[in-house]
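Hi,

Here is the structure I promised to pass on. Have a look at it first, then read my notes below.

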Amino acid sequence: MENYLKEVLIDYISFIEEYKNLIKNQNKTEADYILTNNGKIGNYNFLYHGAGCRLEKEGVICEFDFLPENDFPVKFSSWKMYEFIRTNEKWNNLDFSLEDVHIGLLQLVQKGRLVLLDIDGVKFPIFQISGIEIFQDKFE
């Protein structure tokens, strides 16, 4: 399972970074899009809500949180990762349950490959990652 989750996470981060690169290519910042709340850029439909963003491209749903601000710009719950797997033709044949995904992500935390959100010493079941470059290095 860990090897599959590694590949899914790389794909998940790439999905988000591709969206963010579209924003940069238009000489804008993500804050410009947060203010518009929802819309379309390239093949991505986006919806900013509270501390999170929902992206959809070709039927794939990718949700992530960007708040609270810290060293980890991408945060996600087990459910958000599960939805990415479930809606993605590349991964939905893995037949993972939400519990499988959660357990797998916790194992990656134990191995130091993901970090749980920590607010004032309280750890939340929100997984964090700083970016694909650092993430890929941790798996090599």
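Strands E1 (residues 38-41) and E2 (residues 44-49) run antiparallel, and four bridges join them. One pairing to look for is Ile41, whose bridge partner in E2 is Tyr44. The hairpin of E1 and E2 has two residues between the strands, and Gly42 takes a positive phi near 60° there. Keep in mind that this is a predicted model.

Next, go to Glu63, which you'll find in strand E4 (residues 60-65). Is Glu63 buried or exposed? Its relative accessibility is 9%, and the cut-off for buried is under 20%, so Glu63 counts as buried. The Glu63 side chain also has a polar partner: the side chain of Arg54, with a polar contact at 3.5 Å. If you skip the neighbours within four places in sequence, Glu63 is in contact with Tyr12, His49, Cys53, Arg54, Phe76, Trp79 and Lys80.

Trp79 from that list is worth a click too. This residue lies in helix H3 (residues 78-87). With 40% relative accessibility, Trp79 falls between the 20% and 50% cut-offs, so it counts as partly exposed. Which residues does Trp79 touch, once you leave aside neighbours within four places in sequence? They are Glu63 and Leu98. You could also find Glu69: Trp79 and Glu69 are ten residues apart in sequence, and their C-alpha atoms are 21 Å apart in space.

Cheers

Technical notes. Residues numbered from 1 in each chain as written. Predicted model: local features only at pLDDT ≥ 70, side-chain atom pairs only at ≥ 80, totals over all residues. Heavy atoms only, no water. Buried < 20%, exposed > 50% of the residue type's maximum accessible area, 1.4 Å probe, protein only. Polar contact = N/O pair within 3.5 Å; in protein donor to acceptor, adjacent residues only side chain to side chain. Contact = heavy atoms within 4.5 Å. Pairing = 2+ DSSP bridges.
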